[in-house]
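User: Please take a close look at a single strand in this protein. I would like to see how it sits among its neighbours.

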Amino acid sequence: RRTLADYRGKVVLLNIWATWCTPCIVEMPTMEALHREFKGTDLRIVAVSIDQAQTKTAIRDFVNKLGVTFEVLHDAQGEITRAYQATGYPETFVSGRDGVIRKKVIGAADWNSEGNRALIRQLLAERAGSSSLSSSGWSSAASDPRKWSSPCVSRSGSTPLSRCAVPHPRFARSSLGADAT
């Protein structure tokens with residue numbers, strides 16, 4: 001079982017998806033291309049399937065068919081959907097090393113676009129703790145779901161990082177609700 005704390009200090013692209021979701025299928029190859037470009041860096045791409053429990057084999061087959069090499073987890077209970085207040089699939093959150101969500105995308109995106117690669121390069125260049133969070137390293141806003149929504153929500157395009165500072169929900173304690181496939 002993985003938790004968000006497992007990714008502390010890393011840049012994380014967290015994708016919530018399902019095997020039956022056509023936009024999710026379209027988006028996966030672009031995440032794989034991004035993963036391959038930034039292999040060996042502190043970027044972690046984590047795709048969490050919300051498919052039902054009996055579909056674990058189908059998820060594995062799906063991932064193998066697409067040639068996905070980044071981390072894929074399974075959350076049959078949908079805990080991640082509730083924790084991140086996801087409104088549909090796919091839904092993706094990009095956070096910096098400090099655990100702050102810098103971009104949220106509802107729907108499929110081209111993660112290998114120049115704009116998204118530039119975002120990842122910028123986040124990788126930042127030092128952990130370089131944002132204006134509390135002295136403990138994590139903002140108290142993380143415990144308040146009303147503060148999770150952010151002007152960085154996008155239906156694809158790019159949003160300036162200066163307008164997107166929302167902490168991971170309960171970063172240090174939160175479980176992804178997901179197991180490795």
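**Strand β5 and its surroundings**

Analyst: T92 of β5 stands opposite V105 in β6. That pair is a good place to start. The model is a predicted one.

The pair belongs to a longer match. β5 and strand β6, residues 100–106, run antiparallel and are joined by five bridges. They form a hairpin with four residues between the strands. In that hairpin G99 has a positive phi, near 85 degrees.

β5 has another partner. Strand β2, residues 11–17, is joined to β5 by five bridges, and this pairing is antiparallel too. Here N15 stands opposite T92. T92 therefore has a residue facing it in each pairing: N15 in β2 and V105 in β6.

Now the side chains. In a regular strand, side chains alternate between the two faces of the sheet. In β5, E91, F93 and S95 point one way. T92 and V94 point the other way. Both sets are buried. Buried here means under 20% relative accessible area. Five of the five residues of β5, which spans residues 91–95, meet that cut-off, so the strand is largely enclosed by the rest of the structure. For the protein, buried residues make up 50% of the 181 residues.

β2 also leads on to a helix. The buried residues of α2 pack against β2, and against α1 (22–37), β3 (43–49) and β4 (71–74) as well. Helix α2 covers residues 56–66, and I59, F62 and V63 are buried in it. Seen down the axis of α2, its buried residues fall within an arc of 95 degrees, so they line one face of the helix. The face turned away from that buried side carries N64 and K65, which are exposed. After α2 comes G67, with a positive phi near 70 degrees.

Last, the wider setting. The protein has four helices and nine strands. Along the sequence they follow the pattern β-β-α-β-α-β-α-β-β-α-β-β-β. Of the contacts between residues at least 6 apart in sequence, 77% join residues at least 24 apart. The accessible surface comes to about 8,300 Å², and carbon and sulfur atoms account for 51% of that.

To return to the strand itself: β5 pairs with β2 and with β6, and its residues are buried whichever way they point.

Key
Residues numbered from 1 in each chain as written. Predicted model: local features only at pLDDT ≥ 70, side-chain atom pairs only at ≥ 80, totals over all residues. Heavy atoms only, no water. Helix = DSSP H or I, 4+ residues; strand = E, 2+ residues; numbered from the N terminus. Buried < 20%, exposed > 50% of the residue type's maximum accessible area, 1.4 Å probe, protein only. Contact = heavy atoms within 4.5 Å. Areas by Shrake-Rupley, 256 points an atom, 1.4 Å probe, with all protein chains shown as cover. Pairing = 2+ DSSP bridges. Arc of directions from axis to C-beta.
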